[in-house]
Amino acid sequence: MGPIAQPLLSWFQANKRLLPFRQEPSAYHIWVSEIMLQQTRVAAAIPYYERFVAALPDPAALAACEPDALRKLWQGLGYYNRVSNMQKAARTVCERYGGSLPADYEALRALPGIGDYTAGAIASIAFGLPVPAVDGNVLRVFARLYNDDSDVTRPAAKRAFTRRVVEQMPADAPGPYNEALMELGALVCVPGAPHCEQCPLADLCRGRAAGRQAELPVKPAPRAKEQVPVTVALVYSPAGLLLQRRPACGLLAGLWQPAAWEGSLDREQLAARLAQIGVSAAWEQALPPARHVFTHKVWRLGGWRGRAPAVPLPEGWVWAAPHQLEQVYAVPNAYAAYLGR
């Protein structure tokens, strides 16, 4: 394999997207953008990124943000443990590093929610440190470049690919090199059928020479996701929609949701659950079936819509007026089919 850095960097300079976190690539901005992009497409993440950094412009602001307000800022991105870990990390940054992310790979790696890839991205792009940032895009590029059919989900294979990334890294431009590899994987060396005719590394690509580019990288077949029935009570009163706070730990921790329970409950069973908190609902109509896919499970949702008097509620339950749903309470997208989002 010949050197890839020069053609790669020339291509990147001519073709890179003008993204807001590239306009002002501070360590904090890179951190926020990389955490958001872990499970979200760039185009979808940009408005969330701009709103987030406008409201919380530095680690001190993130550390001090009230948790419900923080979840509301994150609403729509999903995987809420990401932003919870960001706040924990921001508090550590303020306590140990004077409010600025440390220019040290191992120190970054030790912060909550920051793994090898994110630490590498921050360290190389913001601080110019010669460390790799190997994500799925980069693994795909190198599997094809080297015609390597190792299972990229295995730690040993990832370590081997990472060594190759480091071998090709130019000492004077580690950040642009890492960004260029990510960009190549996102725009050209895409999953399935790559755009080899647009690739600056096409002549060096062993996978393309062997006609195997579409087969690589190799990954195991995904496991079947657990199917979980969830019954929803969409109950309205003159004071607003009935919401319950989810437990502080676990899936969607600390978020607010319409009254809901795992399992297939009929109207009488649902009414009995609501009666335990003093709510007596008159059912109006069945909710249409909906589904929401998580990493390891699928919620299959159904239930009923109803109305009830605005009785006092125990702790962990509220009546949410429309403006509060919009501005105060973070409700996960799992319920979007029923809440018009």
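**Group meeting talk: salt bridges, a buried helix and two pockets**

Hi everyone. Let me start with one residue: E284 has a relative accessible area of 45%, which makes it partly exposed. Before I go further, please keep in mind that this is a predicted model.

So what does E284 pair with? E284 forms a salt bridge with R307, and the closest N and O atoms are 3.2 Å apart. This pair links distant parts of the chain, since R307 sits in strand β5 (residues 297–307) and E284 in strand β4, 23 residues apart. R307 is also partly exposed, with a relative accessible area of 41%.

That is one pair, but how many salt bridges does a search of the whole structure find? The search gives 11. Let me show you two others.

R17 and E183 form a salt bridge, with 2.7 Å between the closest N and O atoms. R17 is in the loop between α1 and α2, while E183 belongs to helix α12, so this pair ties together parts that are 166 residues apart in sequence. Are the two partners buried or partly exposed? R17 is partly exposed at 26% relative accessible area, whereas E183 is buried at 2%. There is a network here too: salt bridges link R17, R22, E179 and E183.

The other pair is R71 and D68, whose side chains meet in a salt bridge at 2.9 Å, N to O. Here the partners are both in helix α6, three residues apart, or about one turn of the helix. As a reminder, an α-helix has 3.6 residues a turn, so residues three or four places apart point the same way. Both R71 and D68 are buried.

Now to a helix I'd like you to look at on the screen: α10. Why do I call it largely enclosed by the rest of the structure? Because eight of the 10 residues of α10, which runs over residues 136–145, are buried. Those buried residues are V138, L139, R140, V141, F142, A143, R144 and L145. Their cover includes helices α11 (155–168), α12 (174–187) and α13 (206–209). At the N-terminal end of α10, D135 acts as a cap, with a side-chain oxygen 3.2 Å from the backbone nitrogen of N137. Just after the helix, N147 takes a positive phi of about 50°.

D135 brings us to the pockets. The largest pocket has a volume of about 820 Å³. Among its 35 lining residues, those closest to the centre are E34, L37, Y117, D135 and M182. Which helix gives the most to this lining? That is α12, with five residues. Helices that each supply at least two residues include α1 (5–15), α3 (27–37), α9 (116–127) and α10. By type, the lining has 16 nonpolar, nine polar and 10 charged residues.

The second largest pocket comes to about 620 Å³. Its lining holds 29 residues, and Y79, Y80, N81, L252 and A253 lie nearest the centre. The biggest contribution is from α7, with six residues, and α6 (67–74), α7 (81–96) and β4 (282–293) each supply at least two. In this lining, 15 residues are nonpolar, 10 polar and four charged.

Two single residues before I finish. S124 is in helix α9, and with 2% relative accessibility S124 counts as buried. What does its side chain pair with? A polar atom of the S124 side chain lies 2.7 Å from the backbone oxygen of G120, and the side chain also makes a polar contact with the side chain of N178, at 2.9 Å. Beyond its neighbours within four places in sequence, S124 is in contact with L129, V131, P174, G175 and N178.

The other residue is A233, in strand β1 (residues 226–237). A233 is buried, with a relative accessible area of 0%. What lies around A233, once neighbours within four places in sequence are set aside? Its contacts are P258, A259, L270, L274, W283 and W304. One of those, A259, is 26 residues away along the chain, yet the C-alpha atoms of A233 and A259 are separated by 5.2 Å.

That's my tour. Thanks for listening, and I'm happy to rotate the model for anyone who wants another look.

Technical notes:
Residues are numbered from 1 along each chain as its sequence is written. This is a predicted model: local features need pLDDT of at least 70, side-chain atom pairs count only at pLDDT 80 or more; totals for chains, interfaces and linings use all residues. Side-chain values use heavy atoms; hydrogens and water are left out. Buried means under 20% relative accessible area, exposed over 50%, partly exposed in between (1.4 Å probe, protein chains only). Helices (H or I, at least four residues) and strands (E, at least two) are DSSP runs, numbered from the N terminus. Contact means heavy atoms within 4.5 Å. A polar contact is a pair of N or O atoms within 3.5 Å; within protein, one must be able to donate a hydrogen and the other to accept it, and residues adjacent in sequence count only if both atoms are side-chain atoms. On a 1 Å grid over the protein atoms alone, a cavity is a set of points where a 1.4 Å probe fits but cannot get out, and a pocket is an open set with protein on both sides within 12 Å along at least five of seven lines; lining residues have an atom within 4 Å of a point. Grid points are joined across faces, edges and corners, and a volume is the space filled by probe spheres set on the points. Ala, Val, Leu, Ile, Met, Phe, Trp, Tyr, Cys and Pro count as nonpolar, Asp, Glu, Lys and Arg as charged, and the others, Gly among them, as polar. A salt bridge is a side-chain nitrogen of Lys or Arg within 4 Å of a carboxyl oxygen of Asp or Glu.
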